[in-house]
Amino acid sequence: MDSTQQKRNPAYLPIADYGVIGNLHTVALVSREGSIDYLPFTRFDSPTLFAALLDKEKGGSFQICPADDNIRIKQLYLPDTAILLTRFLSETGMAELTDYMPVKNKEEGCALVRTLHCIRGKLTFNLKCAPRFDYGREAPAIEQESTTSVLLSNPVCQLSVRLRSNTAMEVREDGVYTTFELQEGEQATFVMEAVEDRDAVSRPVRFFQEELLQQTMTFWEEWVNQTTYKGRWQSTIRRSAITLKLLTSYRYGSTVAAATFGLPEEIGGERNWDYRYTWVRDSAFSMYAFLRLGFREEAQAFINWIIDRCKELDHAGNLRLVYRVDGTDSLEEESLDHLEGYRGSQPVRIGNAAATQYQLDIFGELIDTVYLYNRYDNSITFEFWQELREIIDYVSDNWQRKGHGIWEVRSGEQEFLHSKLMCWVALDRGIRIARDRSFPAPKEKWRKVRNEIYEDIYYNFWNEDKQAFTQARGSDVIDASALLIPIVRLLSPYEKRWQSTLKAIEEELSADTLIYRYRTTAGARDGLEGEEGTFSLCSFWYIENLAKAGQVTKARLYFEKMLGYANHLGLFSEMIALNGEQVGNFPQAFTHLALISAALQLDYMLDNGVQ
């Protein structure tokens with residue numbers, strides 16, 4: 001829970017000062033000051049309707065705030081839901097803003113609901129709704145249909161939204177405004193909906209304020225209660241699970257890497273990427289988390305999405321590392337030069353040029369997910385196996401190829417350790433699936449190649465001077481992706497070479513519980529300028545490794561300390577900056593799924609009496 005008392009600052013709020021709401025088609029970010037500063041409409045990867053987070057003047061926002069500047073603010077989720085409450089507390093009264101997006105079925109439209117309820121006393125509020133279509137490039141045409149209904153549209157974008165309320169609103173040149181007072185017990189509700197047929201009759205505002213709110217609350221409570229997790233960090237795990245669910249498409253079953261685009265890994269730097277797409281790697285890890293927590297439907301939906309991608313392939317090697325949520329692969333990267341970027345961090349990129357990179361590791365993550373899914377469900381069909389068999393055969397023939405690696409470097413292709421490791425995983429898990437299901441497969445060939453990869457990693461990626469496995473063949477760079485070696489079970493956590501590698505990671509990449517993925521100051525080159533923060537995904541990998549190696553007391557301490565870097569709502573971005581602020585896209589699926597995995601490992605060790 002967050003509590004602040006200050007005059008509102010017109011500059012950019014910290015990234016961590018936001019909560020996320022969504023309807024399993026898209027998400028919105030709501031600031032602790034009650035402003036919606038980010039909303040792609042109507043899909044995760046759609047152009048934004050509000051993007052003040054990336055340009056406070058041009059991006060557009062939906063602000064509801066008390067007229068009194070001297071206000072205390074607290075923000076929290078209703079337990080086990082994605083319904084966000086922002087409480088405004090002053091000497092004259094207390095009010096609560098409830099923000100949510102109704103969870104609808106695969107075909108229905110998109111709505112955003114905001115309700116203010118005065119709990120005690122009285123408060124005056126100002127509202128400004130100023131959407132800017134197409135990433136802030138298009139202003140809306142505004143039509144006042146009645147005192148309580150306004151249509152905002154743009155013919156270029158072919159998109160219309162309607163804002164309705166039980167409070168009178170006024171149209172001005174740049175948006176919709178109103179100032180209103182609420183007495184104790186009174187409510188004001190604002191509903192913004194996508195409009196396909198402007199003459200269609202919508203449900204009354206009161207329905208969104210009461211019935212649909214209750215339905216949405218019930219949906220989230222019933223969904224999260226399906227989890228089989230009964231461990232020590234239930235509220236934390238449930239919040240991370242809900243966050244992953246918010247980033248997962250109801251219609252397609254794919255999970256986006258993060259809710260946002262363009263948020264910088266370094267304030268003022270150029271490492272500003274668009275993560276609103278489905279990386280095979282990230283989604284595979286997400287499905288692993290869903291499976292471990294007992295959410296079978298999400299795993300099945302992703303498997304179906306992957307089956308569709310495999311059916312589209314004319315060659316196994318053409319599997320893309322990243323797709324749009326609907327499975328299309330048009331992700332041309334461009335810069336939105338008209339936006340100043342978060343705190344002046346340019347360029348603001350949409351699309352992602354990494355889509356054209358070659359990354360061998362995605363095959364391993366995919367096959368590992370299928371292997372785990374088959375263990376839980378035993379439902380992999382022979383038709384699907386034939387597609388997978390081609391992929392595994394491709395890996396067995398191409399595992400020595402260079403690529404851009406898990407970190408998607410822009411400094412050229414190399415033989416990365418992590419890529420080799422995941423090629424080993426692809427073959428190892430493929431052999432296991434074929435054995436468990438008695439599927440026909442060239443198992444002898446796969447075993448031979450799997451063993452070759454194992455020895456190649458063990459001997460050729462070991463740096464004698466560093467006494468560690470390093471980032472790439474012949475490299476002396478320590479890379480946190482090596483933390484996956486025991487997690488995927490290539491080596492025992494008690495293996496001498498692994499223990500030495502873990503020590504090297506601690507010495508070169510750690511700052512207490514925080515872990516850098518690599519250090520450009522220590523010779524790592526990724527083709528970009530500037531520095532970056534510690535990578536929260538790697539911090540949780542590190543904690544999981546400590547637990548696996550029997551250092552459970554230290555692992556538990558570091559886990560609890562890492563949870564302290566979450567924001568007031570339990571959300572994580574991609575990285576932690578030098579000043580302790582969250583940076584990078586937000587919230588980040590990779591961080592939350594690694595948190596879940598570390599907690600599960602800690603629970604297992606503690607349940608078995610390891611201290």
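These are my notebook entries on a predicted protein model, from its overall build down to single residues.

**Ground rules**

I am working with a predicted model, where local features need pLDDT of at least 70 and side-chain atom pairs count only at pLDDT 80 or more, while totals for chains, interfaces and linings use all residues. Residues are numbered from 1 along each chain as its sequence is written, and side-chain values use heavy atoms, with hydrogens and water left out.

**Entry 1: the whole thing**

I began with the secondary structure and found 15 helices and 27 strands. Both are DSSP runs numbered from the N terminus: helices are H or I with at least four residues, strands are E with at least two. Next I looked up the radius of gyration (taken over C-alpha atoms). The value is 25 Å, close to the 25 Å from the globule rule for 611 residues, so the protein is as compact as a globular protein of that length. That rule is 2.2 Å times the number of residues to the power 0.38. Along the principal axes, the C-alpha trace spans about 75 × 45 × 45 Å.

How much of the protein counts as buried? I got 62% of the 611 residues. Buried means under 20% relative accessible area, exposed means over 50%, and partly exposed is in between (1.4 Å probe, protein chains only). The protein exposes about 22900 Å², and carbon and sulfur atoms supply 43% of that. Those areas come from the Shrake-Rupley method with a 1.4 Å probe; for residues, only the protein chains shown count as cover.

I also checked contacts (heavy atoms within 4.5 Å). Among those with a separation of 6 or more, 67% are between residues 24 or more positions apart.

**Entry 2: the largest pocket**

Rolling a probe the size of a water molecule over the atoms shows where empty space is left. On a 1 Å grid over the protein atoms alone, a pocket is an open set of points with protein on both sides within 12 Å along at least five of seven lines; a cavity is a set where a 1.4 Å probe fits but cannot get out; lining residues have an atom within 4 Å of a point. Points are joined across faces, edges and corners, and a volume is the space filled by probe spheres set on them.

The largest pocket holds about 810 Å³. It has 29 lining residues, and closest to its centre are Tyr 288, Arg 292, Leu 372, Ile 487 and Arg 489. I sorted the lining into 16 nonpolar, three polar and ten charged residues. For the sorting, Ala, Val, Leu, Ile, Met, Phe, Trp, Tyr, Cys and Pro are nonpolar, Asp, Glu, Lys and Arg are charged, and the others, Gly among them, are polar.

Which helix gives the most to this lining? It is H7, with seven residues. Helices that each supply at least two include H5 (280-293), H7 (361-377) and H15 (589-607).

**Entry 3: closed spaces**

I counted four cavities of 30 Å³ or more. The largest has about 290 Å³ of space. Its lining is 23 residues, with Tyr 275, Ile 406, Trp 407, Glu 408 and Arg 517 nearest the centre. They divide into twelve nonpolar, two polar and nine charged.

The second largest has about 60 Å³. Ile 406, Trp 407 and Glu 408 are among its lining residues, as are His 404 and Asp 479. That lining is four nonpolar, five polar and two charged.

**Entry 4: backbone oddities**

Most residues other than glycine have a negative phi, and most peptide bonds are trans. I looked for exceptions. The bond from Phe 41 to Thr 42 is cis, with omega near 20°; Thr 42 is in the loop between strand S4 (35-40) and S5. Phe 586 and Pro 587 are also joined by a cis bond, omega about -20°.

Asp 134, not a glycine, has a positive phi of about 55° and belongs to helix H1 (residues 133-136). Arg 489 has a positive phi too, near 75°. Arg 489 is in the loop between H11 and helix H12 (496-509), and is exposed at 65% relative accessible area.

**Entry 5: two residues up close**

Is Thr 48 buried or exposed? Thr 48 counts as buried, at 2% relative accessibility. It is in strand S5 (residues 48-50). Leaving out residues up to four places away in sequence, Thr 48 touches several others, including Tyr 38, Asp 134 and Phe 261.

Ser 539 lies in helix H13 and is buried at 0%. With that same sequence cut-off, Ser 539 touches Thr 513, Leu 514, Ile 515 and Met 562.
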